[in-house]
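Please look over the chain as a whole, then follow one helix in detail. The report below does both in turn.

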Amino acid sequence: MRARLIYNPTSGHETMNSNVGDILNIIEEAGYEASAYRTTPKKNSAKDEARRVAKEGFDLVVAAGGDGTINEVVNGIADLDKRPEVAIIPAGTTNDYARALKIPRDDVVEAAKVILKGQKLPVDIGQAGKRYFINIAGGGSMTELTYEVPSAYKSILGYLAYLVKGAEMLPRISPIDMHIEYDDGIFDGKATMFLIGLTNSIGGMEQIAPNSVIGDGTFSLIIVKETNLRDLVHLIALVLNGGRHVYNPKVIYTKTKKISVKANDENRVMVNLDGEYGGDAPMEFTNLHNHLNIYANVDSIPLKAIDSSTLSEKDAGEKIIEEEKNLDKEKDTK
């Protein structure tokens, strides 16, 4: 079996450069013949390499970098009939997808060791027009802060850079008149933003889509209706307080397999895919069910956050027993 490590040397604090050798050794210990590719500033560097090795019949692609690098790798293989399995080594700023899969985010070597556990999940990805996303799509004024945070700030300040820029943008956020259709309804009017999630981890927080289930064939759709600065601050507080924003009348929260978005009148709706600009609406979003097989730290993911039908009977049974033990421990400590 052959594996290709595709890594971004500039992600995070450039931690990958000094750890490539150790990571390749871990991949080989897992039974693969391993090699590495260092991405370049050339557009679509990671995407093109992932596509090349997939067509050559490689069994595994290991994407090492931030959410943007992972998105590129996914876009390189998503439309192929035969797709390699995927592993993720987070080395970026927010690392939302790694957070959802419970992959270590502060040590790239420890993250690589998840491959040694041999635990994989079939996961959904989203198709947005001719492009793909693996964790989050969105649009509206709030989502545009991603484009305004300079790369240098991301490297130095990490997630704090987004918080600083977000606070700076709040006073000038204005709702956009848009038309959104989904499985169970239609929204037509002004919205501050919409989010389409495949996991519960969005923007470094795990409460924005509290009942998201990995691999269940649906998106979590969140539409924030027209809001002022005071409303937004209140909603953010509700997110941090156990995800209670989903019950607020300013929020539509639902599960859906398909979504279409377009701007009303002459408005522009920029679409964000996994943190990067992905084009303008009109755009259709489709859930591609169980499209990729990804290494994950399955032991650590709550059973309610995984479509249990994707687990073997053995793994599902072990997770149920483990979670019952944890509940018993919590009761004993109270």
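This report covers the chain totals and then helix α10.

The model is predicted. Its protein chain holds 11 helices and 15 strands. The totals for the chain are set out below.

| Property of the protein chain | Value |
|---|---|
| Share of the 334 residues that is buried | 53% |
| Share of contacts between residues at least 6 apart in sequence that joins residues at least 24 apart | 74% |
| Share of the accessible surface that belongs to carbon and sulfur atoms | 49% |

The accessible surface itself comes to about 15700 Å².

Now the helix. α10 runs over residues 229–240, which makes 12 residues. Does its length hold up against a simple count? At 1.5 Å a residue, α10 should span 16 Å. The end C-alpha atoms lie 17 Å apart, so the two values agree.

Which residues of α10 are buried? They are L232, L235, L238 and V239. These buried residues cover an arc of only 120° around the axis, so they sit on the same side of α10. The other side of α10 carries R230 and L240, both exposed.

What do the buried residues of α10 pack against? Three strands take part: β9 (185–197), β10 (219–225) and β11 (251–256).

One backbone feature follows the helix. Just after α10, G242 adopts a positive phi of about 85°.

Technical notes. Residues are numbered from 1 along each chain as its sequence is written. This is a predicted model: local features need pLDDT of at least 70, side-chain atom pairs count only at pLDDT 80 or more; totals for chains, interfaces and linings use all residues. Side-chain values use heavy atoms; hydrogens and water are left out. Helices (H or I, at least four residues) and strands (E, at least two) are DSSP runs, numbered from the N terminus. The expected span of a helix is 1.5 Å times one less than its number of residues. Buried means under 20% relative accessible area, exposed over 50%, partly exposed in between (1.4 Å probe, protein chains only). The arc is that of the directions from the helix axis to the C-beta atoms. Contact means heavy atoms within 4.5 Å. Accessible areas come from the Shrake-Rupley method with a 1.4 Å probe; for residues, only the protein chains shown count as cover.
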